[in-house]
Amino acid sequence: MTEDTADGTREGLLSNIALFESLTDEDLTALGQRVETVIYEPGEVIFQQGDEGSSLFVVEDGAVDISFGEGKARVVLASLFNGQYFGELSLFDGSPRSATATASKRSRLIRLDREDLVDFVNKNPDAALRIIAEMSERLRQTNELMSRQVSRNVLNEAEEAMTLGQRVADRVASFGGSWPFIFLFGTVMFVWMGINIAGLTHFDLYPFILLNLCLSTLAAIQAPIIMMSQNRQATKDKLLAENDYQVNRKAEMEISAMLRNQAELLARLAMIERLVGRRGGLEAVKDASGQ
């Protein structure tokens, strides 16, 4: 079902699309005359995954769900609302749809067909150059984004923020869990018990009550110190995990943006090449006819 809409609204919606951001008001007016308004009822499928792509849609009013799969395996990838668009790549390459679009409520969309865009570009070569220039700018922005660094050495940052007590606790915990500590502690105990058993001194006779008191005191002091160090290590692990998440998230966003922009650019270049070849063929035919 189709109906008319205001040209101003069409131009405003088209200007929000990244592909047409650099177009002049005259170009947007000319392009707006080529779109049509379509109405979809709740639950109505706009296009199915795998269908041949040939149109760009902009949500003028309502809501559209973009989903992948069918039945229980269906996953909603995005929910689009007023001013948002979808299906833009099909304007250039005509490839099958990679997802299914369904109206989640009564929606009014504006549709731009591939044939209309090709005719518009054919009659407005300057507008085509501006579209390509816009894509080049977006690729530059992607390259700049790729050059930014989000990873950092969180361990060094944590070390710089440590207090003197925390540093001492880490040293104590590190030494208390090492072989030198075990050998030193074993030597002290052997000498302590040996000199008392041999009768060289009698400050702590069997059953070595003073030694047991020293061991208990050492364990009572060492246990919370080790726990303090373990808690701080857990905090460092969380910082590392958060940093890895940020890096992976940025990498995923950059790769997705780069692939999307490159696909758009290649599609546009292919369309321009076809248009230039067609125009060159027409001029050759005219020249041959004139001769």
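# Notebook: looking through a predicted chain

**Entry 1: the whole chain.** I began with burial and found that, of the 291 residues of the chain, 33% count as buried. I keep in mind that this is a predicted model, and I write every value below as a computed one. Going through the secondary structure, I listed 9 helices and 9 strands. I then looked up how contacts are spread along the sequence: among the contacts with a separation of 6 or more, 75% are between residues 24 or more positions apart. For the surface, I noted that the chain exposes about 17800 Å², with carbon and sulfur atoms supplying 57% of that area.

**Entry 2: the largest nonpolar core.** Which residues have the most contacts inside the largest nonpolar core? I found that this core has 16 residues, and that Leu-14, Phe-20, Leu-31, Leu-112 and Leu-117 are the ones with the most contacts inside it. The elements that give two or more residues to this core are helix H1 (7-15), helix H2 (25-32), strand E4 (55-61), strand E9 (107-113) and helix H4 (114-123). The largest share, 3 residues, comes from H4. I picked out Leu-31 to see what surrounds it, and, not counting residues up to four places away in sequence, Leu-31 touches Leu-14, Phe-20, Leu-23, Leu-112, Leu-117 and Phe-120. Apart from this core lies another one, of 14 residues, which includes Val-64, Ile-66, Ala-101 and Leu-109. I add a general remark from my reading: in soluble globular proteins, nonpolar side chains tend to be buried together.

**Entry 3: the two sides of helix H4.** I went back to H4 and wrote down its buried residues, which are Leu-117, Val-118, Phe-120 and Val-121. Why do these buried residues line one face of the helix? Seen down the axis of H4, they fall within an arc of 160°, so they line one face. On the face turned away from this buried side, I found the exposed residues Glu-115 and Lys-123.

**Entry 4: strand E8 and its partners.** Next I looked at strand E8 (residues 100-103), where both faces are covered, with Thr-100 and Thr-102 buried on one side and Ala-101 and Ala-103 buried on the other. The general pattern helps me here: in a regular strand the side chains alternate between the two faces of the sheet. Which strands pair with E8? Strand E3 (residues 45-47) pairs with E8 in the antiparallel sense over 2 bridges, and strand E5 (residues 64-68) also pairs with E8 in the antiparallel sense, over 4 bridges. I followed Ala-101 in E8 and found that Phe-47 stands opposite this residue, as does Ile-66.

I also looked more carefully at Thr-102, which lies in E8. Its relative accessible area is 13%, and, because buried means under 20%, Thr-102 counts as buried. Leaving aside its neighbours within four places in sequence, Thr-102 is in contact with Gly-43, Glu-44, Val-45, Ile-46, Ala-63, Val-64, Asp-65 and Arg-74.

**Entry 5: strand E2.** I found strand E2 (residues 36-40) mostly covered, with 4 of its 5 residues buried. E2 and E9 run antiparallel and are joined by 5 bridges, and I noted that the bridge partner of Val-38 in E9 is Leu-109. Leu-109 was already in my notes as one of the residues of the 14-residue core.

**Entry 6: Asn-196, a buried polar residue.** Is Asn-196 buried or exposed? This residue, which lies in helix H8 (residues 179-197), is buried, with a relative accessible area of 5%. Its side chain reaches the backbone oxygen of Trp-192 at 2.7 Å. Leaving aside neighbours within four places in sequence, Asn-196 is in contact with Thr-201, His-202, Phe-203, Asp-204, Leu-205 and Phe-208.

**Entry 7: Phe-175 and Ile-225.** I found Phe-175 in helix H7 (residues 164-176), and at 40% relative accessibility it counts as partly exposed. Not counting residues up to four places away in sequence, Phe-175 touches Pro-180, Phe-181 and Leu-184. My last look-up was Ile-225, which has its place in helix H9 (residues 209-290). Ile-225 touches Ala-169 and Val-172, again not counting residues up to four places away in sequence. I also noted that Ile-225 and Gly-176 are 49 residues apart along the chain, while their C-alpha atoms are separated by 9.9 Å.

Key. Residues are numbered from 1 along each chain as its sequence is written. This is a predicted model: local features need pLDDT of at least 70, side-chain atom pairs count only at pLDDT 80 or more; totals for chains, interfaces and linings use all residues. Side-chain values use heavy atoms; hydrogens and water are left out. Buried means under 20% relative accessible area, exposed over 50%, partly exposed in between (1.4 Å probe, protein chains only). A polar contact is a pair of N or O atoms within 3.5 Å; within protein, one must be able to donate a hydrogen and the other to accept it, and residues adjacent in sequence count only if both atoms are side-chain atoms. Contact means heavy atoms within 4.5 Å. Two strands pair if DSSP finds at least two bridges between them. Accessible areas come from the Shrake-Rupley method with a 1.4 Å probe; for residues, only the protein chains shown count as cover. A nonpolar core is a set of buried Ala, Val, Leu, Ile, Met, Phe, Trp, Tyr and Cys residues joined through side-chain atoms within 4.5 Å. The arc is that of the directions from the helix axis to the C-beta atoms.
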